[in-house]
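Got your viewer open? Have the selection box ready, and we'll walk through this one stop at a time.

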Amino acid sequence: MFSRWTRLTTLVVGVSLFCSVGLAGEKKLMHCFTFTPVDDATDADWEAFQEATDELPSKIDGLNKVWLGKLRRTQTIYGKTGEAKERKNGVCMEMDDEAALETYADHVAHRKWEKAYFKVRQRGTSTYDILGQ
């Protein structure tokens, strides 16, 4: 019949196709934002922000993962009066769906997180939500 090699190759190809289709069909929501850091934020402020961000998935149902860091390229945003803001940092949060985003927005852990976030960023963010297809 089929050789062991043929069966193994077929299995690997099948699993690869299944996994790639599964990922392409994710129906999750990505809540992302970029921000301009505060020049005088201390290392302790940044550590508190990172810790508070990393804790969110364990505190809010439907919030699965978080990513935070410096942007690969600075994003320049121009305000209504023409002033330029350089967004240098960003955060993305993977959530189950829009209901999870609503839960997050009104959650006590989110309000606690905001206190750490407000110490490392200038007022204003560029926020966007991506809906999985």
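Which residue takes a positive phi in the hairpin of E2 and E3? Pick Gly82: its phi is positive, near 90°, and the hairpin has five residues between the strands. Keep in mind as you click around that this is a predicted model.

**Stop one: the strands**

Now select residues 63–78, which is strand E2, along with residues 84–95, strand E3. These two pair in the antiparallel sense, with 11 bridges between them. To see how they line up, show Ile77, which stands opposite Lys85 in E3. Then jump to Lys65, whose bridge partner in E3 is Glu94.

Keep E3 on screen and add residues 29–37, strand E1. E1 pairs with E3 too, in the antiparallel sense and over seven bridges. A handy pair to label here is Leu29 and Met95, since Leu29 stands opposite Met95 in E3. While you have side chains switched on, remember that in a regular strand they alternate between the two faces of the sheet.

**Stop two: helix H4**

Next, select residues 108–117, helix H4. Colour Ala109, His110, Trp113, Ala116 and Tyr117, which are buried. Look down the axis: they cover an arc of only 110°, so they sit on the same side of H4. Give Val108, Lys112 and Lys115 another colour; these are exposed, on the other side of the helix.

What do the buried residues of H4 pack against? Bring up E1, E3, helix H2 (43–59), helix H3 (98–105) and strand E4 (121–131), and you have their packing partners.

**Stop three: H2 against H4**

Hide the rest and keep H2 and H4. Two packed helices are described by the angle between their axes and the distance between the axes. In this case the angle is about 165° and the axes are 9 Å apart. With a cut-off of over 145 degrees for roughly antiparallel, H2 and H4 therefore count as roughly antiparallel to each other. Their crossing is left-handed.

To finish, show the contact itself. From H2, select Ala48, Phe49, Ala52, Thr53, Leu56 and Lys59. From H4, take Ala109, His110, Lys112, Trp113, Ala116 and Tyr117.

How values were computed. Residues numbered from 1 in each chain as written. Predicted model: local features only at pLDDT ≥ 70, side-chain atom pairs only at ≥ 80, totals over all residues. Heavy atoms only, no water. Pairing = 2+ DSSP bridges. Helix = DSSP H or I, 4+ residues; strand = E, 2+ residues; numbered from the N terminus. Buried < 20%, exposed > 50% of the residue type's maximum accessible area, 1.4 Å probe, protein only. Arc of directions from axis to C-beta. Contact = heavy atoms within 4.5 Å. Axes fitted to C-alpha atoms, helices over the stretch in contact; angles between N-to-C directions. Parallel < 35°, antiparallel > 145°, perpendicular 65-115°, else oblique. Left-handed = near helix turned anticlockwise from the far one by under 90°.
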